[in-house]
Amino acid sequence: MAQRLKNIKVVGLGQASFDFLGRLPAYPHEDHKAELAELTTGCGGPAATAIVTLSRLGVGTSFIGAVGDDRFGAEIVGFLETEKVDISFLRSIPGCMSQVAFIAVASSGSRTIFWHPGTAPSPEPFEIDLSPFTGARVLHLDGLKIEASIAAALQAKSMGMTVVLDAGTFREGTNRLLPLVDILIASESFAVPLVGNTSDAEAIKALAAFGAARVVITQGAAGSIGFDGGEIIRQPAFHVKTVDTTGAGDVYHGAYIYRFLTGAGMSECMKFASAAAAFKCTISGNLKGVPNLEQVLEIMNHAK
């Protein structure tokens with residue numbers, strides 16, 4: 001196993017979920033019914049989707065987390081194995097329920113997510129051990145398990161790894177994790193508890209003040225903005241026919257890391273990540289739409 005782990009370049013820690021995805025013409029009113037036009041299942045979760053994105057782009061990856069020993073956990077484990085993600089440190093906890101989500105996708109491509117976190121306990125800080133990953137360059141966190149994330153980030157920093165955070169929601173303890181982050185990729189709402197509803201420039205500079213060398217705020221159909229100490233970079237979204245936005249932000253994170261590993265600067269990382277997220281939006285289903293390298297480049301070339 002030691003030799004195999006040496007080939008891992010990115011380690012992810014966070015959530016993996018079993019997803020039910022239903023398509024419907026429009027959301028029903030409260031206390032009404034709606035027939036689903038399509039129902040599919042798959043694996044999801046912020047960190048897991050980003051790690052699978054990297055794997056499909058040809059990067060050696062490993063996922064740290066926990067699932068239950070139920071059928072949903074078995075599906076998650078099987079899917080990650082199929083995607084060539086190392087799961088040596090993905091625990092299956094006896095008697096526990098795995099995380100499950102139901103995602104309702106409207107005809108516009110927008111989605112509403114209902115989820116249960118499951119009962120499988122996340123790794124405790126003392127259980128985190130990144131020492132086997134001697135060749136890893138990046139630790140990717142979704143920030144949902146704060147104490148485990150902080151423990152992992154501290155180890156990663158001591159090993160010379162770059163710490164990347166998918167910052168979806170500002171939670172209790174997030175302020176303790178942020179100073180350990182090198183690349184912060186946040187949602188539009190993440191900075192609101194810090195600076196309120198303010199300008200893009202004020203929000204991204206407020207996030208940068210925590211110490212990350214690179215900060216990105218994703219803005220959905222409006223694209224993304226980035227800051228690395230110089231001028232604010234604006235990356236428009238690629239125009240595609242949107243079928244399903246589920247997982248697009250997670251794909252963005254994985255694709256950004258991929259381009260970062262090649263030595264690209266901020267602007268090129270954002271452009272590549274935006275193209276990958278755009279491709280995801282053209283395909284129904286979370287991981288079904290995760291692109292390979294050729295598919296990302298095709299989106300970028302069509303935009304020229």
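## Notes on a predicted model

1. Let's begin with the internal space. Strand β4 (residues 61-68) contributes four residues to the lining of the largest cavity, the most of any element. The model is a predicted one, and a search through the whole structure turns up one cavity of 30 Å³ or more. The largest cavity holds about 160 Å³ of space. Its lining is made of 17 residues, and G14, Q15, A66, A120 and K145 are the ones nearest the centre. By character, the lining of the largest cavity splits into 10 nonpolar residues, six polar and one charged.

2. A66, one of the residues nearest the cavity centre, leads us to F89. These two residues are 23 apart in sequence, and their C-alpha atoms are 8.5 Å apart in space. F89 sits in the loop between α3 (71-82) and β5 (90-93). Setting aside residues up to four places away in sequence, F89 touches L5, F63, I64, G65, P132 and F133. Is F89 buried, exposed or partly exposed? Its relative accessibility is 26%, so F89 counts as partly exposed; the buried class ends at 20% and the exposed class starts over 50%.

3. On to the aromatic side chains, where the structure holds six aromatic pairs. One of them joins F18 and F20 in an edge-to-face arrangement, with 5.2 Å from centre to centre and 80° between the planes. An angle over 60 degrees is what puts a pair in the edge-to-face class. F18 and F20 also belong to one aromatic cluster together with F72. The two partners fall in separate burial classes: F18 counts as buried because its relative accessibility is 6%, whereas F20, at 23%, counts as partly exposed.

4. Some backbone angles deserve a look. Most residues other than glycine have a negative phi. D31 has a positive phi of about 70° although it is not a glycine. It lies in the loop between β2 (17-23) and β3 (38-44), and with a relative accessible area of 79% D31 is exposed. K84, also not a glycine, has a positive phi of about 65°. The loop between α3 and β5 is where K84 lies, and F89 has its place in that loop too. K84 is exposed, its relative accessible area being 72%.

5. Helix α2 (residues 46-56) is mostly covered, with 10 of its 11 residues buried. Which residues of α2 are buried? They are P46, A47, A48, T49, A50, I51, V52, T53, L54 and S55. Just after α2 comes G58, with a positive phi of about 100°.

6. Helix α4 (residues 146-158) passes a simple length check. Its 13 residues should span 18 Å at 1.5 Å a residue, and the end C-alpha atoms are 18 Å apart, so the two values agree. The expected figure uses one less than the number of residues. The buried residues of α4 are I146, A148, S149, I150, A151, A152, A153 and A156. What do the buried residues of α4 pack against? Their partners are β1 (10-13), β8 (138-141), β9 (162-167) and α5 (174-177). After α4 comes G160, which has a positive phi near 80°.

7. L261 makes a link between remote parts of the sequence. It lies in helix α8 (residues 248-261), and its C-alpha atom is 9.4 Å from that of V10, although the two residues are 251 apart in sequence. V10 is also one of the residues that L261 touches, along with V59, R137 and V138, when residues up to four places away in sequence are not counted. With a relative accessibility of 14%, L261 counts as buried.

8. The last stop is T218, in strand β11 (residues 214-218). Is T218 buried or exposed? Its relative accessible area is 18%, so T218 is buried, the limit for that class being under 20%. Leaving aside neighbours within four places in sequence, T218 is in contact with I185, A186, S187, E188, G223, S224 and Y252.

Note on methods
Residues are numbered from 1 along each chain as its sequence is written. Side-chain values use heavy atoms; hydrogens and water are left out. Helices (H or I, at least four residues) and strands (E, at least two) are DSSP runs, numbered from the N terminus. Buried means under 20% relative accessible area, exposed over 50%, partly exposed in between (1.4 Å probe, protein chains only). Contact means heavy atoms within 4.5 Å. On a 1 Å grid over the protein atoms alone, a cavity is a set of points where a 1.4 Å probe fits but cannot get out, and a pocket is an open set with protein on both sides within 12 Å along at least five of seven lines; lining residues have an atom within 4 Å of a point. Grid points are joined across faces, edges and corners, and a volume is the space filled by probe spheres set on the points. Ala, Val, Leu, Ile, Met, Phe, Trp, Tyr, Cys and Pro count as nonpolar, Asp, Glu, Lys and Arg as charged, and the others, Gly among them, as polar. Rings of Phe, Tyr and Trp (its six-membered ring) pair if their centres lie within 6.5 Å; planes under 30 degrees apart count as stacked, over 60 as edge-to-face and the rest as tilted.
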